[in-house]
Amino acid sequence: MAREKDADATGRGKPTHHPGTEAKGPTRAVVIVPVLTRHQRNDDETNRPRLMRSADARHDEAVGLARAINLDLVHTAVVTINDPRPATLLGSGKVAEFAEIVKEGHAEVVVVDHPLTPVQQRNLEKELNAKVLDRTGLILEIFGERARTKEGTLQVELAHLNYQKGRLVRSWTHLERQRGGAGFLGGPGETQIESDRRQLQEKIIKLKQELETVRRTRDLHRAKRRKVPFPVVAIVGYTNAGKSTLFNRLTGADVLAQDMLFATLDPTLRRVRLPHGTPIILSDTVGFISDLPTHLIAAFRATLEEVVEADLVLHLRDISDPDTAAQAEDVERILADLGVDAGDAKRVIEVWNKIDRLDEGNRTRLLADGADANKAPPIAVSAVTGEGIDALKAIIETRMAGELEDLTVTIEPAQFGLVDWLYRNGDVVSRSDNDDGSATISLKATQSAREEIESRLRRKNNG
């Protein structure tokens, strides 16, 4: 059974503009979302069934992924598959039906939102007479467009080559066996496919060497940051959860933030001063997604090390999405692969974004459910309106610098250079100027600020 979707009704609209596409319009494409009725996945760690997304949610995500590379969707469909075919995944009747749709719509690309074996991809391309992209290939295409830095470009290219290496199958005449050697002693040379694989492997080795150089440079930058002891706070979450919007709200930066899957790819770091003066480094990372290709996790290991090295991780969820629980499960699984325990309340804060999209009843119910969970209660925010941001900053500062403490200090005339620092790093409640020229200041400061104040006063007294 297939559920057809009108491409215009699924948000096709006006194609997204990308540089370099002026000479040619967007590529026409068909999106197929296979739903395997007997396909029940279990979690590798707990062996419990994983949360499954609804067919509509999978369809909408596949459409979003296709639109992210400016594909012009002429037809989309959800196809229920009871018995996956080893040769084509889809049944012969469905393949013939889609071949006609591709022909009538003059589609050049068919996106199949499911992993395909090299043989399945090759057979579908022959039957449909169009280029076929599976889910992994589509995500790689998106990452290839989004990468802007040298590191990001290298990582995408490495992932693409590893993916391509597994796709080298004997499907074209140029892969026929070639002759090699000299004279009558020259036996059969390497096949073209073997030559292609060798060349790919050489490129992979070269890219890994270049990425190792980039990794060492990143390690040097981390070492410098450790010398200036600013804690690192990393924002992670499912793609399109609003990470870049929250990053902009917290830092005042202008990082690209669009309602588009994988709108940003390369990590961004900014220094932020929290309300009571605590400085942190905030890191915006690449969005996660279900079934994130293994090649990408491996290639982006250097970038994702920002998460591993972070002192605090903000797990951002789009709480307005009906599939938010399944998305959170996917993020937690990838974090576990990186060695980060999402259940560690001391290191991970769960942040519920887009709370402004919920009506009062749903908001109250969700917050009550979150409070009953066997972990720290989530922080509800709206990165767009600013609701809950002050509370989020407060809890980040508490985790990084300790609880606020009441403190009273007397500043001698020779120490007045510290007064400005006190105002910038604490909440001054009162100040009284004494007859001897000193000043008594009462303030609220974090534990780390108190320790810094005491250290500075000692140095002044000893000096």
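This is a short walk through some strands, helices and contacts of the structure above, which is a predicted model.

Let's start at strand 4, which covers residues 109-112. In a regular strand, side chains alternate between the two faces of the sheet. You can see that pattern here: Val109 and Val111 point one way, while Val110 and Val112 point the other way. Which of these valines are buried? All of them are.

Strand 4 has a partner in strand 2 (residues 28-36), and the two run parallel, joined by 4 bridges. Within this pairing, Ile32 stands opposite Val112. Strand 4 also pairs with strand 5 (residues 131-134), again in the parallel sense and over 4 bridges. There, Val112 has Asp134 as its bridge partner. If you follow the chain from strand 4 through helix 3 (residues 118-128) to strand 5, you trace a right-handed β-α-β unit.

A good place to look next is Arg58, which sits in helix 1 (residues 55-67). Leaving aside residues up to four places away in sequence, Arg58 touches Val33, Pro34, Val35, Arg53 and Asp113. Arg58 can also be placed relative to Val78: the two are 20 residues apart in sequence, with their C-alpha atoms 8.8 Å apart in space.

Now for a pair of helices. Two packed helices are described by the angle between their axes and the distance between the axes. For helix 4 (residues 135-146) and helix 5 (residues 150-165), the angle is about 155 degrees and the axes are 10 Å apart. An angle over 145 degrees counts as roughly antiparallel, and helix 4 and helix 5 are therefore roughly antiparallel to each other. The crossing of helix 4 past helix 5 is left-handed. Which residues of helix 5 meet helix 4? They are Val156, Ala159, His160 and Tyr163, and they are met from helix 4 by Thr136, Gly137, Leu140, Glu141, Phe143 and Gly144.

Our last stop is further along the chain, at an open sheet of 3 strands in the order 12-14-13, with antiparallel pairing. Why is one side of strand 12 (404-411) and of strand 13 (427-433) left without a neighbour in the sheet? Both strands stand at the edges and each has a single partner strand, so one side of each stays unpaired in the sheet. From one strand to the next, the twist averages 15 degrees. Strand 13 runs antiparallel to strand 14 (residues 439-446), and 6 bridges join them. To locate this pairing in the viewer, find Ser432, which stands opposite Thr440 in strand 14.

Definitions and conventions:
Residues numbered from 1 in each chain as written. Predicted model: local features only at pLDDT ≥ 70, side-chain atom pairs only at ≥ 80, totals over all residues. Heavy atoms only, no water. Buried < 20%, exposed > 50% of the residue type's maximum accessible area, 1.4 Å probe, protein only. Pairing = 2+ DSSP bridges. Right-handed = clockwise from strand over helix to strand, strands pointing away. Axes fitted to C-alpha atoms, helices over the stretch in contact; angles between N-to-C directions. Parallel < 35°, antiparallel > 145°, perpendicular 65-115°, else oblique. Left-handed = near helix turned anticlockwise from the far one by under 90°. Contact = heavy atoms within 4.5 Å.
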